Amino acid sequence: MRRSPLITIFLKEVSDMLKHWASHEEYQQYITQTVNTLNESQIKRFFSYKDSLDKLTSMNLDPVKDFLEPYYSHTGRPAIHQPEILRSLILMTDLHELSLTKWVEKLISDDILALLIGLPSNQLPPLGSYYDFIDRLWLRDAAKDRKDSKKLYPFPKNKKPSSKPGKGEKLPNKHPDIVAKCIDFASSGRDFPFHYEKLLQELFSLIAVVPSLELGLIPDSPLTVAGDGTCVHCHSNPLGRKVCKCRESGIYNCKCDRRYPAFDASYGWDSDLNTWFYGYTLYTLSTYNKELHIDLPLHLRFLDARRHDSVSAIVALHEIHLLNPLLNIQNLCLDSAHDNYPTYQLCKDWGIIPFIDLNSNRGRPKTIPDEIIIDKDGTPLCLAGHKMVYWGLSSIRKGYKWRCPLKCGKVDECSCQSSCSPSNYGRVIYTKPDWDIRLYPSVPRGTKQFKETYNTRTCSERINNRILNDYHLHDMKIRGKKRYSFFTMIIGINIHLDARIKKAKMNIV
């Protein structure tokens with residue numbers, strides 16, 4: 001059957017609903033051509049944004065077109081200016097503008113800022129196009145989100161717990177075996193439920209992680225990754241918003257049903273501030289480049305405020321394992337909140353070397369022989385109580401060798417010298433990894449290699465600080481996990497672009 005010309009034209013238009021996508025080359029040409037038409041004062045102001053311009057021109061958004069195409073309808077009016085919207089949002093966070101509404105108004109009245117994103121001021125996308133772009137990258141129906149934010153819930157929907165942990169402590173897991181269950185779920189290859197930000201993570205990988213790998217900002221191998229969770233305080237009122245008429249009748253303390261704009265927020269415990277907070281938990285997986293001295297986020301995930309870091313880590317590791325197969329994680333650095341046997345077993349199964357701080361509340365494993373005295377980190381102690389010196393792996397004994405600290409010159413004198421081994425080599429103790437997977441990982445605790453690798457764990461804390469404070473996520477008046485997840489992804493892209501600019505400047509010098 002022969003196809004009519006009209007049908008052929010229609011199908012051609014339908015197959016490309018992002019046909020107005022300006023390529024990266026066209027964007028660069030537009031910048032160059034438009035700058036030549038500016039007067040002297042405009043040129044000075046334009047180059048005052050040089051760092052922002054370098055970030056935007058170094059970011060090639062061409063691969064994003066094919067990524068976004070399936071999420072736009074094949075009927076109706078084609079979408080326009082999608083790369084400019086994304087570029088605009090990155091510029092907005094780079095310039096520390098906290099309100100999307102004010103930013104769109106600012107663009108309309110500022111030709112130089114409009115030029116930076118690649119459009120004349122009379123062709124700028126309206127505010128609704130930004131929100132439509134955000135909604136398309138969230139794997140939950142936008143209508144359901146709006147319905148839930150306007151839905152009436154019984155008061156109180158979120159009740160602050162009456163008891164709280166001690167100073168510096170974290171909330172314990174409600175279910176003792178939850179980490180093991182999460183690992184079993186992850187091993188099945190299934191996605192964790194309510195993974196609404198999957199597209200955001202894929203876009204972040206496409207724009208930021210993969211290019212950073214190609215540029216050498218992320219070491220190809222060995223890759224050391226650090227994980228850490230941080231509290232994100234939501235600005236929404238945990239008591240909700242009244243919609244009843246009780247106040248007009250003089251009743252100010254009513255218990256009527258209320259709206260909760262941040263319907264997916266909850267109470268969690270902030271161990272740094274030693275207080276309850278209302279919001280979410282952001283869990284990041286990050287890495288540190290020793291040569292360039294830069295920290296880079298690799299995976300960003302928002303979870304319930306009550307979620308324990310040990311559970312968040314499994315979720316994040318499972319997702320990064322599926323979304324970023326190019327990342328060859330060799331070392332994993334985590335704090336004592338992640339000190340549990342299932343996590344060590346997962347690392348062993350995936351060929352990852354764990355560098356995890358010990359939790360002092362775990363006690364001494366029964367598998368260690370009674371005649372061996374150990375420190376809290378599993379290091380053997382001599383009769384005088386001094387830490388013994390790690391002396392490598394013994395292939396004959398199939399264990400780790402530890403020598404007398406006096407004979408190795410680590411201590412000047414020992415009270416048990418006469419009653420200890422008469423050998424000039426000193427007393428020797430062997431520990432075996434199969435005694436306890438926690439206390440005796442592939443790289444023994446107390447060794448120089450363990451300390452140097454574990455010290456890179458602070459990169460995750462610095463990344464969290466950059467997201468919350470340097471890029472002012474905590475100051476943004478936004479509500480809902482969707483908005484927080486989206487703008488955190490935009491901030492993560494900015495951090496990668498910062499690293500590109502830093503490397504380029506170092507190469508010039």
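Which order do the strands take in the open sheet of 3 strands? Keep that question in mind while we get our bearings. What you have in front of you is a predicted model. The protein has 17 helices and 12 strands, and its C-alpha atoms fill a box of roughly 95 × 70 × 60 Å along the principal axes. Of its 509 residues, 50% count as buried. Looking at contacts between residues at least 6 apart in sequence, you will find that 71% join residues at least 24 apart.

Now back to the sheet. Its order is β1-β4-β3, and the pairing is antiparallel. The edges are formed by β1 (152-153) and β3 (241-242), each of which pairs on one side only. Between β1 and β4 (residues 258-259) there are 2 bridges, and these strands run antiparallel. To find this pairing on screen, start at Tyr-153, whose bridge partner in β4 is Arg-258.

Let us move along the chain to another group of strands, centred on β11. Strand β10 (residues 389-394) runs antiparallel to β11, and 4 bridges join the two. One of the bridge pairs matches Ser-394 with Gly-399 of β11. Together β10 and β11 make a hairpin with 4 residues between them, and Lys-398, in the turn, has a positive phi of about 55°. Strand β11 also pairs with β12 (residues 428-431), again through 4 bridges and again antiparallel. Here Tyr-400 has Thr-431 of β12 as its bridge partner. How many of the residues of strand β11 are buried? The count is 5 of the 5 residues in 399-403, so this strand is largely enclosed by the rest of the structure.

Next, the nonpolar interior. The largest nonpolar core has 123 residues, and those with the most contacts inside it are Leu-89, Leu-473 and Phe-486. Helix α17 supplies the largest share of this core, 10 residues. A second, separate core has 8 residues, among them Cys-333, Phe-355, Val-443 and Phe-450.

Leu-89 is a good place to step into the larger core. Setting aside neighbours within four places in sequence, Leu-89 is in contact with Leu-100, Tyr-130, Phe-133, Phe-486, Phe-487 and Ile-490. Several of these names come back when you look at Ile-134, which sits in helix α9 (residues 127-136). With the same neighbours in sequence left aside, Ile-134 is in contact with Leu-100, Lys-482, Arg-483, Phe-486 and Phe-487. Is Ile-134 buried or exposed? Its relative accessible area is 1%, and the cut-off for buried is under 20%, so Ile-134 counts as buried.

Helix α17 also leads us to the empty space inside the model. Rolling a probe the size of a water molecule over the atoms shows where empty space is left. Counting cavities of 30 Å³ or more gives 1, and the largest cavity holds about 90 Å³ of space. Which elements each supply at least two residues of its lining? They are α12 (198-214), β7 (294-304) and α17 (481-508). Strand β7 gives the most, with 4 residues. The lining includes Leu-200, Phe-204, His-299, Arg-301, Ser-485 and Met-489. By character, the lining residues divide into 5 nonpolar, 4 polar and 2 charged.

Two further residues make a useful contrast. Ser-312 lies in helix α13 (residues 309-323), and because its relative accessibility is 0%, Ser-312 counts as buried. Not counting residues up to four places away in sequence, Ser-312 touches Tyr-283, Leu-303 and Arg-307. Asp-349 belongs to helix α14 (residues 341-349). At 54% relative accessibility, Asp-349 is over the 50% cut-off and therefore counts as exposed.

Finally, try two distances across the model. Asp-349 and Ser-187 are 162 residues apart along the chain, and their C-alpha atoms are separated by 9.8 Å. Ile-134 and Ser-249 are 115 residues apart in sequence, with 41 Å from C-alpha to C-alpha.

Note on methods:
Residues are numbered from 1 along each chain as its sequence is written. This is a predicted model: local features need pLDDT of at least 70, side-chain atom pairs count only at pLDDT 80 or more; totals for chains, interfaces and linings use all residues. Side-chain values use heavy atoms; hydrogens and water are left out. Buried means under 20% relative accessible area, exposed over 50%, partly exposed in between (1.4 Å probe, protein chains only). Two strands pair if DSSP finds at least two bridges between them. Contact means heavy atoms within 4.5 Å. On a 1 Å grid over the protein atoms alone, a cavity is a set of points where a 1.4 Å probe fits but cannot get out, and a pocket is an open set with protein on both sides within 12 Å along at least five of seven lines; lining residues have an atom within 4 Å of a point. Grid points are joined across faces, edges and corners, and a volume is the space filled by probe spheres set on the points. Ala, Val, Leu, Ile, Met, Phe, Trp, Tyr, Cys and Pro count as nonpolar, Asp, Glu, Lys and Arg as charged, and the others, Gly among them, as polar. A nonpolar core is a set of buried Ala, Val, Leu, Ile, Met, Phe, Trp, Tyr and Cys residues joined through side-chain atoms within 4.5 Å.
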